[in-house]
Amino acid sequence: MKTNLSKSQSKPSRVQVRYRNHEGDITKYLVTDEIIFIEANGSSTKFHLKDGSLIISGKHLGYYEESITKLIGFIKVGRSYIVNAFEIDSFNNSDGYLVLKPGSQILNHKPHKIRVSRDAKPNILKAISLL
């Protein structure tokens, strides 16, 4: 698992997300700074955004994984989650949970805990030390 936290980019990165709603098939370009975390949901993927919105794509997490984890600040922390490292508030190494920053509407202004896999722990510790 990779950790990419260099801040050398001049403009925000975007990720292309495809989903379906009442208007039909939609392709949206999300500014990566607005993504809190990405969650696998069976064969679909949930994008949790800072403005409180949730976008559910019909594509599985693996479809997005390689391109997202190459972007600055995104870390795969287990089978089901990719987290924006800049949204990590703390990491408890003993219980294996990271806590995301409170304050976004989607998290109801309460801390949100995500279980970190054993393989991802070194990447989380490295990411936190670089922030």
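**Close-up 1. Strands E3 and E4 in the five-stranded sheet of the predicted model.** E3 and E4 pair in the antiparallel sense over six bridges, where pairing requires that DSSP finds at least two bridges between two strands, and where helices (H or I, at least four residues) and strands (E, at least two) are DSSP runs numbered from the N terminus. Phe37 stands opposite His48 in E4. This is a predicted model, in which local features need pLDDT of at least 70 and side-chain atom pairs count only at pLDDT 80 or more, while totals for chains, interfaces and linings use all residues. Residues are numbered from 1 along each chain as its sequence is written, and side-chain values use heavy atoms, with hydrogens and water left out.

**Close-up 2. The open sheet E5-E4-E3-E7-E6 and helix H1.** The five strands of this open sheet follow the order E5-E4-E3-E7-E6, with antiparallel pairing. E5 and E6 stand at the edges with a single partner strand each, so one side of each is left without a neighbour in the sheet. On average, and with direction ignored, neighbouring strands of this sheet are turned by 15° against each other; the axes behind such angles are lines fitted to C-alpha atoms, for helices over the stretch in contact, and angles run from 0 to 180 degrees between N-to-C directions. H1 packs on the sheet and touches E3, E4, E5, E6 and E7, its direction making about 30° with that of E7, where contact means heavy atoms within 4.5 Å.

**Close-up 3. Aromatic pairs that involve Phe37 and Phe47.** A search of the whole structure finds three aromatic pairs, counted where rings of Phe, Tyr and Trp (its six-membered ring) have centres within 6.5 Å, with planes under 30 degrees apart called stacked, over 60 edge-to-face and the rest tilted. The rings of Phe37 and Tyr81 have centres 5.9 Å apart and planes at 50°, so this pair is tilted. It links distant parts of the chain, with Phe37 in strand E3 (residues 35–41) and Tyr81 in strand E7 (residues 81–84), 44 residues apart. Phe37 is buried, with a relative accessible area of 2%; buried means under 20% relative accessible area, exposed over 50% and partly exposed in between (1.4 Å probe, protein chains only). The rings of Phe47 and Tyr64 have centres 5.0 Å apart and planes at 90°, so this pair is edge-to-face. Phe47 lies in strand E4 (residues 44–49) and Tyr64 in helix H1 (residues 61–69), 17 residues apart. Phe47 is buried at a relative accessible area of 0%, and Tyr64 is buried at 2%.

**Close-up 4. The aromatic cluster and charges over rings.** Ring pairs link Phe47, Tyr63 and Tyr64 into a cluster. Lys59 lies over the face of Tyr63, at 4.9 Å from the ring centre; a charge sits over a ring if NZ of Lys or CZ of Arg is within 6 Å of the ring centre and within 35 degrees of the ring normal. Elsewhere, the charged end of Lys113 sits over the ring of Tyr97, 4.9 Å from its centre.

**Close-up 5. Salt bridges.** Side chains of opposite charge can pair when their charged atoms come close. With a salt bridge taken as a side-chain nitrogen of Lys or Arg within 4 Å of a carboxyl oxygen of Asp or Glu, the count comes to three salt bridges. Lys50 and Glu87 meet in one of them (3.0 Å, N to O), which links the loop between E4 and strand E5 (54–57), where Lys50 lies, to the loop between E7 and strand E8 (88–92), where Glu87 lies, 37 residues apart. Lys50 is partly exposed at 32% relative accessibility, whereas Glu87 is buried at 13%. Glu65 and Lys76 also meet in a salt bridge (3.1 Å, N to O), with Glu65 in helix H1 and Lys76 in strand E6 (residues 74–76), 11 residues apart. Glu65 is partly exposed at 26% relative accessibility, and Lys76 is buried at 16%. Glu66 forms a salt bridge with Lys70, the closest N and O atoms being 3.3 Å apart; Glu66 counts as exposed at 53% relative accessibility, and Lys70 as partly exposed at 47%.

**Close-up 6. The open sheet E8-E9-E10 and helix H2.** Three strands form this open sheet in the order E8-E9-E10, with antiparallel pairing. E8 and strand E10 (112–115) stand at the edges, each with a single partner strand, so one side of each is left without a neighbour in the sheet. Four bridges join E8 to strand E9 (residues 97–100), and Ile88 stands opposite Leu100 in E9. Helix H2 (residues 121–130) packs on the sheet and touches E8 and E9, its direction making about 135° with that of E8.
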